[in-house]
Amino acid sequence: MRFLGNIEAKIDAKGRAFLPAAFRKVLQASGEESLVMRKDVHQNCLVLYPESVWNRRMDAMLEKISEWDDEGQQVLRQYVSEAEVLTLDGNGRFLIQRRYLQMADIVQSIRFIGMNDVIEIWASEKAAAPFMPQQEFAAKLKAIMTTATT
């Protein structure tokens with residue numbers, strides 16, 4: 001499952017957004033019916049996880065956190081409590097609760113960014129934040145790919 005692209009959209013007055021058709025097709029082809037949404041840990045955006053991707057990541061986290069580790073349980077509690085299961089309606093829309101809109105500083109215009117097996121949702125005004133200038137990007141990509149292949 002791979003999400004690719006950078007697509008602008010709007011949310012309606014009730015906080016509903018249409019998941020772009022290209023992303024819906026990927027979900028349907030993978031047999032996914034539900035998404036999990038949470039605020040990104042590092043960036044000021046929301047992340048949509050297909051349920052199977054969320055479950056894999058939760059399994060990996062649970063393997064590392066002992067039920068007897070108070071701090072680990074606190075991290076797990078915060079991570080899970082800030083997540084919500086979403087289901088698309090018949091038109092491909094989903095509701096973004098007000099608290100999530102506030103967390104990501106989203107007013108009305110949004111940008112969906114495909115990030116491999118997840119989808120990020122950015123406030124359109126801040127959609128340039130996760131990107132770097134082209135020359136810097138080219139240099140860093142070259143460094144990563146050169147290191148990875150040697």
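Which residues line the largest pocket? The tour ends there, and it begins with the conventions of the model.

This is a predicted model, in which local features need pLDDT of at least 70 and side-chain atom pairs count only at pLDDT 80 or more, while totals for chains, interfaces and linings use all residues. Residues are numbered from 1 along each chain as its sequence is written, and side-chain values use heavy atoms, with hydrogens and water left out.

**Strand β3**

Select residues 34–39, strand β3. Strands (E, at least two residues) and helices (H or I, at least four) are DSSP runs, numbered from the N terminus. Six of the six residues of β3 are buried, so the strand is largely enclosed by the rest of the structure. Buried means under 20% relative accessible area, with exposed over 50% and partly exposed in between (1.4 Å probe, protein chains only). Show the side chains next: Ser 34, Val 36 and Arg 38 point one way, whereas Leu 35, Met 37 and Lys 39 point the other way.

**The partners of β3**

Add residues 83–87, strand β5, which runs antiparallel to β3 and is joined to it by five bridges. Two strands pair if DSSP finds at least two bridges between them. Here Leu 35 faces Leu 86, and Arg 38 stands opposite Ala 83. Then add β4, residues 46–50, also antiparallel to β3 and joined to it by five bridges. Leu 35 stands opposite Pro 50 in this strand. A hairpin is formed by β3 and β4, with six residues between them.

**The whole sheet**

Widen the selection to the open sheet of six strands, whose order is β1-β7-β8-β4-β3-β5, with antiparallel pairing. Its edge strands, β1 (6–10) and β5, each pair on one side only.

Now select helix α1, residues 21–29, which packs on the sheet and touches β1, β3, β4, β7 (109–115) and β8 (118–123). Contact means heavy atoms within 4.5 Å.

**The largest pocket**

Finally, select Asp 40, Gln 43, Ile 113, Gly 114, Met 115, Glu 120, Pro 130 and Phe 131, the residues that line the largest pocket. On a 1 Å grid over the protein atoms alone, a pocket is an open set of points where a 1.4 Å probe fits, with protein on both sides within 12 Å along at least five of seven lines; lining residues have an atom within 4 Å of a point. Strand β7 supplies the largest share of this lining, three residues.

Technical notes: Axes fitted to C-alpha atoms, helices over the stretch in contact; angles between N-to-C directions.
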